[in-house]
Structure formats: C-alpha cells, structure tokens
Amino acid sequence: MNQAIRKKVRELGILIGTLPTGKKNCITDVRGVRVGHVTIDRPLDDGKQDYACTGVTAILPHGGNLFLEKVIAASYVINGFGKTTGLVQVNELGVLESPIMLTNTFSIPAVTQGTLQEMLGQNSEIGDTTGTINLVVGECNDGYLNTIRRCVVQPEDARHAIKVATEDQAEEGAIGAGKGMVCFGYKGGIGSSSRFIQVDGKNYTVGVLVLSNFGKKDEFQIDKYKEHLVDVELPSEAIEHTSDGSIIIVLATDAPVNERQLLRMAKRCAIGLGRTGSYYGHGSGDIVIAFSTAHKIPHHSEHIVENRIQLREDHPVMNQLFTAASDATEEAILNSLSRAVTTEGRNGRVVEGYSFS
C-alpha cells in the first residue's frame, strides 16, 4: 500500500525525557554506524492466501572490515523466548565482529548463511589461516502477515542489506525486517531514536534501533502520551488476537565503555520497553544487543597488552547513559508505530498503522 510518509512522534509533540536527540534522532547519529534494509512484499500465488511480507535489516557498527576491526559488545536477554545466533560468544568475549542482522524467525538460517558468505568474501583468511567468525542474527515472528512457512528470504537478501547500509537516517516502520511485524495490535516494525550527552567537555551519543513485534491493544500506555497531542483521535481497528510477541533492541554508543558497562546500559533498555506497556510476556523474545564504537579491537596483534580508555563507574555520566538508553528505547518503539503504514499480508489480513494525531 502506497501511503504518505508518516512522522516520528517527536514531530507530533511527544517528547520523551529531557536529554536532546542527535541530529537525525536515529541510531546512525553514532558516527560510523550504518543501517540497510531489504524489503520483500509480494503475493506468492494468484490469490491472497500466501503472501511474502517480510525482509532483512542490517546494522553495521562501522564502515570498515568488521572482522579485522571488532568493537566492544554485550547482550542482555530480558525474556528468552527467542531464536538468535552469536550471543553466547558475544557475552563470552565481549566483542562483535559481524553486522547485526534482523529478520523473521524462520529466516535465521538463510540470513546467517548470506551474512557468512558476505564476510567470507571480505576476509579470505577466515576459517583458513585464522579462526572462524561469530555471526549475530536476531528475529521476531511476522507470521500474522507473512506466510512464514514459505521461507522466502534468501541468503542474497542478507548480503544486499549489508551492501546498501548507509549512515543516512534509517528508514522506519514497515521496512526491512519490520515489514510484517505487529506492535500493540497495530503495525509495528523498525523504529529508531538517539540521545546526545555533554559532560565535562566530552560529547557522547547513544542510539537505539528496535524491531517491535509485541503487545496487545489494551496494553499500550497511550494515556501517558495523549496529553502531548492535540485533538487526538485514537484508531479502533486493532488485531485482537496476538501472541506475546517479541522485540529486538540494538543499542549503539560512542562512549568509551567496557563490555560490563555496556551490559548495564543494555539492562536499562528494558525500562523503556516497560514504559510503553510491555510486561515481557511468557512467549516474548525480548533481547538487547549493545555495542560501542569508541574502540576498534584489531583481530591481529603481536602485543601482549592493549590500552583502552573507559569511563569511571562512579561518574555521573553513567546515569546519563542509563537515562539515554531507556528514553531512546521508549521513543524508538513509538517511532516504529508512528512511522509504520497500514499493511496487507497473507489471507487478505490488514494491520492498521497507528495514528497518533
């Protein structure tokens, strides 16, 4: 469905927290971070019973060789009803060496394969003269709108999402991996937001991108946002029968934090998720993947030690980073709703885009 571009909630008067946003109010405000999408939107037969309403989203920590120049990383499982790859090693070693890929549940194998092929093409030594690579892929179930059993996402879609990733403001809503997602009974998907922090002459940015696919209509805490809107008319056409759903939250920062400090920031993303109305249901896969671009860790080094600068744990800046993580997550979720257009999928099902104004 071709519809007018929809606005971010901040443009509609909804302000989350007091910290300023970055220029783009997007995860790509963190210098070097890139986002790319491949969207699949087509019927799979002559009727409307089977329909491809899905895609792939790639988040790259920087534009260089991610395997040779790793970044500090951590992950946090809020509720573990999800299927991901790579998080065990991320938490063991505290580094990320691949793009973060997002897709639907049954496309984890294809996206992993495509990402592997892309990374092998960039690095002839992987699995030969050096070790293997740890790929990170997250998912949500878009089976309400997408005929998920047809497994339409192909490895090449993952490779293309990586290749088209840019530092521009990321597209949001029913795009890429978010094409078929549903949030609070309305159209969800990709949303992003950022926060800018100035402390003692230092500037830091925190950016969040979400893949939202959770919640029921009556769980959405719209009353807390309505006071900021003028003549709001709430839509009534929501899906009533939804599963607990899931969300993948990707947090990026340029603050010089270690993996343990990143984990602490990742935990605060759950606060922003809860503010919107989520209670982390039994069947919900709520997962945070976080990384810092402050340091690039070389894959090859002859040195026995390495020097890094990191923030003091007891400095007030940590509280600002925690605030930024929670506020940017909340706003990113709202943006995933406000930017998503009404979408038609399999069996003629239609999910309405939420109207905040």
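**Close-up views of a predicted model**

**View 1. The enclosed cavity and its lining.** In this predicted model, the count comes to 1 cavity of 30 Å³ or more. The largest cavity has a volume of about 70 Å³, and the residues that line this cavity are F214, G215, E219, D244, S278, Y279, Y280, G281 and S284. Sorted by residue class, the lining of the largest cavity divides into 3 nonpolar, 4 polar and 2 charged residues. Rolling a probe the size of a water molecule over the atoms shows where empty space is left.

**View 2. The open sheet and its edges.** An open sheet is formed by 4 strands, which follow one another in the order β1-β2-β5-β6 with mixed pairing. Strands β1 (34-43) and β6 (136-140) are the edge strands of this sheet, each of them pairing on one side only. On average, and with direction ignored, neighbouring strands of the sheet are turned by 15° against each other.

**View 3. The pairing of β2 with β5.** Strand β2 (residues 51-60) and strand β5 (residues 100-104) run antiparallel and are joined by 3 bridges. For A58, the bridge partner in β5 is M101. Strands of a sheet pair through backbone hydrogen bonds, either parallel or antiparallel.

**View 4. Helix α6, its span and its burial.** Helix α6 (residues 317-338) has 22 residues, which at 1.5 Å a residue should span 32 Å, and because its end C-alpha atoms lie 31 Å apart, the expected and modelled spans agree. Helix α6 is mostly covered, with 19 of its 22 residues buried, where buried means under 20% relative accessible area.

Methods
Residues numbered from 1 in each chain as written. Predicted model: local features only at pLDDT ≥ 70, side-chain atom pairs only at ≥ 80, totals over all residues. Heavy atoms only, no water. 1 Å grid on protein atoms, 1.4 Å probe; cavity = no way out; pocket = protein on both sides within 12 Å on 5 of 7 lines; lining within 4 Å. Points joined across faces, edges and corners; volume = space filled by probe spheres on them. Nonpolar A, V, L, I, M, F, W, Y, C, P; charged D, E, K, R; others polar. Helix = DSSP H or I, 4+ residues; strand = E, 2+ residues; numbered from the N terminus. Expected span 1.5 Å × (residues − 1). Buried < 20%, exposed > 50% of the residue type's maximum accessible area, 1.4 Å probe, protein only. Pairing = 2+ DSSP bridges. Axes fitted to C-alpha atoms, helices over the stretch in contact; angles between N-to-C directions.
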